[in-house]
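Me: I would like to learn how to read contacts, sheets and cores in a model. Please take me through one.

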Amino acid sequence: NIVWAEYKPGSKSEIHLLAGAGWFVSTDNGKTWRKHEYSGVPTGVRSIAFHPKNPQIVWATTASYTTGNGDATREPGGVYKSTDGGKTFVQSDK
């Protein structure tokens with residue numbers, strides 16, 4: 001269930017992809033893959049966009065999600081920005 005894949009800008013061997021199971025990275029042109037770890041996003045990443053000239057800047061979007069236990073509420077998805085190559089994100093649409 002791959003929904004998106006792209007080479008990291010400026011790289012000839014690092015590929016990022018999103019699938020139903022999460023965000024994965026290959027540094028050897030797709031021979032091996034590892035799950036990408038990140039923080040600052042309350043739910044799974046749905047799409048990614050690298051800055052075309054600075055691959056340390058990554059934008060991510062999320063889907064809506066449910067919070068709480070007894071009084072669960074539905075929260076809208078959001079847009080998040082990373083300036084460290086996708087390791088940590090901060091919400092940028094509020």
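Me: Which residues does Val25 touch, not counting residues up to four places away in sequence?

Reply: Contact means heavy atoms within 4.5 Å. By that test Val25 touches Glu14, Ile15 and His16, and also Thr32, Trp33, Arg34 and His36. This is a predicted model: local features need pLDDT of at least 70, side-chain atom pairs count only at pLDDT 80 or more, and totals for chains, interfaces and linings use all residues. Residues are numbered from 1 along each chain as its sequence is written, and side-chain values use heavy atoms, with hydrogens and water left out.

Me: Where does Thr27 lie?

Reply: Strands (E, at least two residues) are DSSP runs, numbered from the N terminus. Thr27 sits in the loop between strand E3 (22–26) and strand E4 (34–35). Ser13 and Glu14 are its contacts, not counting residues up to four places away in sequence.

Me: In what order do the four strands form the open sheet?

Reply: Two strands pair if DSSP finds at least two bridges between them. Here the order is E1-E2-E3-E4, with antiparallel pairing. Strand E1 (2–7) and E4 are the edges, each pairing on one side only. Five bridges join E1 to strand E2 (residues 15–19). Glu6 has His16 in E2 as its bridge partner.

Me: Which element gives the largest share of the largest nonpolar core?

Reply: A nonpolar core is a set of buried (under 20% relative accessible area, 1.4 Å probe, protein chains only) Ala, Val, Leu, Ile, Met, Phe, Trp, Tyr and Cys residues joined through side-chain atoms within 4.5 Å. The largest one has twelve residues, including Trp4, Val25 and Phe89. E3, strand E5 (45–50) and strand E6 (58–62) each give two or more. E5 gives the largest share, three residues.

Conventions
Buried < 20%, exposed > 50% of the residue type's maximum accessible area, 1.4 Å probe, protein only.
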